[in-house]
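The following paragraphs walk through one protein model, beginning with its interior and ending with its loops. Keep the sequence and the structure in view while reading.

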Amino acid sequence: MTDSLRKAPTAPVANFALIGAAGYIAPRHMQAVKDTGSRLIAAMDPSDSVGVIDSYFPEASFFTEFERFDRHLDKLLRQRSKEAADYIAICSPNYLHDSHMRFALRAGADAICEKPLVLNPWNIDGLLEIEETSGRKVNTILQLRVHPAIMALRERVKHEAAAGRKHDVDLTYITSRGLWYLHSWKGDVKKSGGIATNIGVHFFDMLHFIFGGLQDNIVHLNDAVRAGGYLEYERARVRWFLSVDADDLPAAQQAAGQRTFRSITMDGEEIEFSGGFTDLHTRSYERILAGEGFGLEENRCAISTVATIRTAAPVASRGECHPLVRARRG
């Protein structure tokens, strides 16, 4: 893309395009675009089950073929139209994020990508090169970093670190999925990255954000529906367990018919941040529009963490073991 065709990085009213409009997370991006007074000018998804767009931007152009979406955005850019995209939001399946971010940068727009940014850390290096040559920027949705309770906890931990204290943390996240899960792209480790990547990467980023650099990464369990292990950070020792199997839910949740259980404790005390999730995408978009979005390097620790988990051989003899891992291993 030549300098003469590039748009300014910000405009009085920012124009957004969206890849992956039929997915679960897409409405949060549409809401964030709306909340920030911006416009959705085009959306693309191979599925045409996108009636949700009518609740936000019914006038947005829609495409089920990527090539036509590409041609439409390119035409707007080359005509120097006031509707040319400033940002392209990416809510596609995990394995397509890298390609779609490259497309956004080469199309003269900044990218906004859902988690996980990429599946492997070396993909970040390639994107950094394209940022340099295109003059555009990748932003990512690291929503827990803008959660008020998490931000406050980070400051507390940083203050306590002055005394050399290292905290003991247990992370448990069970989010039940039906039989469809393993038959979708999410059940294909080459496409989703596996359990730790697909449902855990934002928690691993949160741990890095709060507790500092990663020092050790040991995997105790890793199969199609659950994973667990031990992580050590500068300021914490973490036992973790993730699952999409309803059988792993505590008895109380099963009896109540609940399908999700999340618990994070620090030194035996529950970290409460169940509220405050409704507007985190909007907060993220506000930061991005202000030029304060989280970029590629902010993702490197979490992406390296899940890539190691994906490829490591589970071991039983190293690191502290999460109780649910012990229960599963018998």
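The model is a predicted one. Its largest nonpolar core has 64 residues. Inside this core, the residues with the most contacts are Ile88, Phe204, Leu207 and Trp240. Helix H8, which covers residues 195-211, gives the most to the core, with 11 residues. A second core, separate from this one, has 23 residues, and Ile25, Ile53, Ala60 and Ile112 are among them.

Two residues can be used to look around the larger core. Phenylalanine 204, one of the residues with the most contacts there, has a long list of partners. Leaving out residues up to four places away in sequence, phenylalanine 204 touches Ala196, Leu231, Tyr233, Trp240, Leu242, Ala302, Thr305, Val306 and Ile309. The other residue is alanine 196, which is found in helix H8. Alanine 196 counts as buried because its relative accessibility is 4%, and the cut-off for buried is under 20%. Beyond its neighbours within four places in sequence, alanine 196 is in contact with Val201, Phe204, Trp240, Leu242, Val306 and Ile309. Its C-alpha atom is 6.6 Å from that of alanine 227, although the two residues are 31 residues apart along the chain.

Next come two helices that pack against each other. Which helix does H4 pack with, and at what angle? Helix H4 (residues 121-134) packs with helix H11 (residues 300-311) at an angle of about 145 degrees, and their axes are 8 Å apart. On the H4 side the residues are Pro121, Ile124, Asp125 and Leu128. They meet Arg300, Ile303, Ser304 and Ala307 in H11. By type, the residues of this contact divide into 5 nonpolar, 1 polar and 2 charged.

Aromatic rings are the next topic. The structure holds 9 aromatic pairs. One of these is formed by phenylalanine 16 and tyrosine 87, whose rings are stacked, with 5.0 Å from centre to centre and 15 degrees between the planes. This pair links distant parts of the chain: phenylalanine 16 lies in strand S1 (residues 15-19) and tyrosine 87 in strand S4 (residues 87-90), 71 residues apart. Are these two residues buried or exposed? Phenylalanine 16 has a relative accessibility of 1%, so it counts as buried. Tyrosine 87 has 2% and therefore also counts as buried.

A pair with another geometry is made by phenylalanine 66 and phenylalanine 103. Their ring centres are 4.8 Å apart and their planes lie at 65 degrees, so the pair is edge-to-face. This pair too links distant parts of the chain, with phenylalanine 66 in helix H2 (residues 66-78) and phenylalanine 103 in helix H3 (residues 97-106), 37 residues apart. Phenylalanine 66 is partly exposed, because its relative accessible area is 23%. Phenylalanine 103, at 13% relative accessibility, counts as buried. Both belong to a cluster in which ring pairs link Phe63, Phe66, Phe69 and Phe103.

Rings also take part in two arrangements with arginine. The charged end of arginine 145 sits over the ring of phenylalanine 294, 5.2 Å from the ring centre. Likewise, the charged end of arginine 154 sits over the ring of phenylalanine 209, 4.2 Å from the ring centre.

The last stop is the backbone, together with one strand residue. Where is the peptide bond from lysine 115 to proline 116 placed in the structure? Proline 116 lies in the loop between strand S5 (110-113) and H4. The bond itself is cis, with omega near -15 degrees.

Arginine 80 is not a glycine, yet its phi is positive, about 50 degrees. Arginine 80 is found in the loop between H2 and S4, and with a relative accessible area of 54% it is exposed. Aspartate 267 likewise has a positive phi, near 55 degrees, in a residue other than glycine. This aspartate is placed in the loop between strand S11 (260-266) and strand S12 (269-270). Its relative accessible area is 32%, so aspartate 267 is partly exposed.

Threonine 265 is in strand S11. With a relative accessible area of 16%, threonine 265 is buried. Not counting residues up to four places away in sequence, threonine 265 touches Asp168, Val169, Asp170, Glu270 and Ile271.

Conventions:
Residues numbered from 1 in each chain as written. Predicted model: local features only at pLDDT ≥ 70, side-chain atom pairs only at ≥ 80, totals over all residues. Heavy atoms only, no water. Axes fitted to C-alpha atoms, helices over the stretch in contact; angles between N-to-C directions. Helix = DSSP H or I, 4+ residues; strand = E, 2+ residues; numbered from the N terminus. Contact = heavy atoms within 4.5 Å. Nonpolar A, V, L, I, M, F, W, Y, C, P; charged D, E, K, R; others polar. Core = buried A, V, L, I, M, F, W, Y, C linked by side-chain atoms within 4.5 Å. Buried < 20%, exposed > 50% of the residue type's maximum accessible area, 1.4 Å probe, protein only. Phe/Tyr/Trp six-rings, centres within 6.5 Å; stacked < 30°, edge-to-face > 60°. Lys NZ or Arg CZ within 6 Å of the ring centre and 35° of its normal.
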